[in-house]
Amino acid sequence: MVSDDCVHVTLDKFMLPLLSIGFLLVLFSLGVLQHMYPAAGLSSPSSYGYPLWLEIAVAAVLTTVLHESIHILFMKKLGSGKTSIRPFMFKRYIPLGVSVGFTNYLSVKRWSIVAIAPLIILSPVSLVASGLETPVTNILKFVFVFNTSGSAGDLILLAITLSAGLDANVKDEGEALAICNGRPRLAAILFLEYAATTILSFLALGFLAITMASLLGKNIYVGPLELARFEASQNQVSASTGPGVIVVAIILSLLYIVISGTRRARKTLESMQK
């Protein structure tokens with residue numbers, strides 16, 4: 001039996017984790033493509049003469065349709081009831097995609113399958129298919145990047161839902177995720193805050209350290225920690241991040257959690273219960 005005492009989770013309360021984790025997944029997916037298909041990057045012109053902007057637009061629409069179709073397919077198979085599809089709006093006026101809702105409650109185990117299905121199905125399929133020389137090779141590469149990074153929202157909701165316990169029931173209402181018979185844990189929200197601040201700190205520190213190394217023409221250190229490495233030869237100069245960047249990013253993120261992150265996480269948790 002489903003309790004009336006439910007919490008409602010919306011992604012607009014997690015925009016910082018959503019953007020930072022999404023950006024990290026973009027970098028990850030681009031790295032995977034570069035590793036598997038080093039001779040043909042996304043910026044390479046199509047051998048079939050398609051303009052890059054058209055390939056991006058087609059891939060964006062195709063990814064949205066396929067991603068949500070996989071969600072719907074698994075919802076139906078697992079007993080979700082009637083399905084509704086609405087635009088996913090940020091601040092009521094900015095469309096970010098579409099949201100899918102259903103009428104029946106699912107167990108956490110079943111909803112977890114629904115949540116991760118597009119990531120574990122569409123991303124591997126599009127990655128493998130993009131290695132074939134076809135008229136849509138570049139489009140498939142963009143589908144891989146868009147679907148992988150676009151799964152950030154699903155992963156965030158999955159982390160929050162799992163923290164409520166396997167006895168909880170879940171109903172995706174489209175604009176919000178209703179979690180009943182269980183409450184999300186503060187630790188899950190703190191983890192998302194910590195992950196987001198670590199990613200952002202790493203990116204900001206890395207950019208700053210590389211810029212300073214390039215301008216000064218030398219390695220950059222904070223105490224014994226190497227933040228950036230500068231290398232020069234007769235033909236070129238280059239700067240790259242050092243291992244100290246991630247160490248400093250982790251320390252700064254921990255300080256943030258101690259100083260204000262816990263308070264923000266408590267407010268987020270309280271807002272779900274209203």
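This note goes through two sheets of the model and a helix that packs on one of them.

1. The model is predicted, so that local features need pLDDT of at least 70 and side-chain atom pairs count only at pLDDT 80 or more, while totals for chains, interfaces and linings use all residues. Residues are numbered from 1 along each chain as its sequence is written, and side-chain values use heavy atoms, with hydrogens and water left out.

2. One open sheet has three strands in the order E7-E8-E9, paired in the antiparallel sense; strands (E, at least two residues) and helices (H or I, at least four) are DSSP runs numbered from the N terminus, and two strands pair if DSSP finds at least two bridges between them. Strand E7 (220-222) and strand E9 (237-241) each have a single partner strand and stand at the edges, so one side of each lacks a neighbour in the sheet. From one strand to the next, the twist averages 15°, where axes are lines fitted to C-alpha atoms, for helices over the stretch in contact, and angles run from 0 to 180 degrees between N-to-C directions.

3. Between E7 and strand E8 (residues 225-232) there are three bridges, and Val-222 lies opposite Leu-225 in E8. Helix H7 (residues 244-272) packs on this sheet and touches E8 and E9, its direction making about 150° with that of E8; contact means heavy atoms within 4.5 Å.

4. A further open sheet has four strands in the order E1-E6-E5-E4, again with antiparallel pairing. Its edges are strand E1 (6-9) and strand E4 (106-107), each with a single partner strand, so one side of each is left without a neighbour in the sheet.

5. Four bridges join E1 to strand E6 (residues 177-180) in the antiparallel sense, and Leu-177 in E6 is the bridge partner of Val-9.
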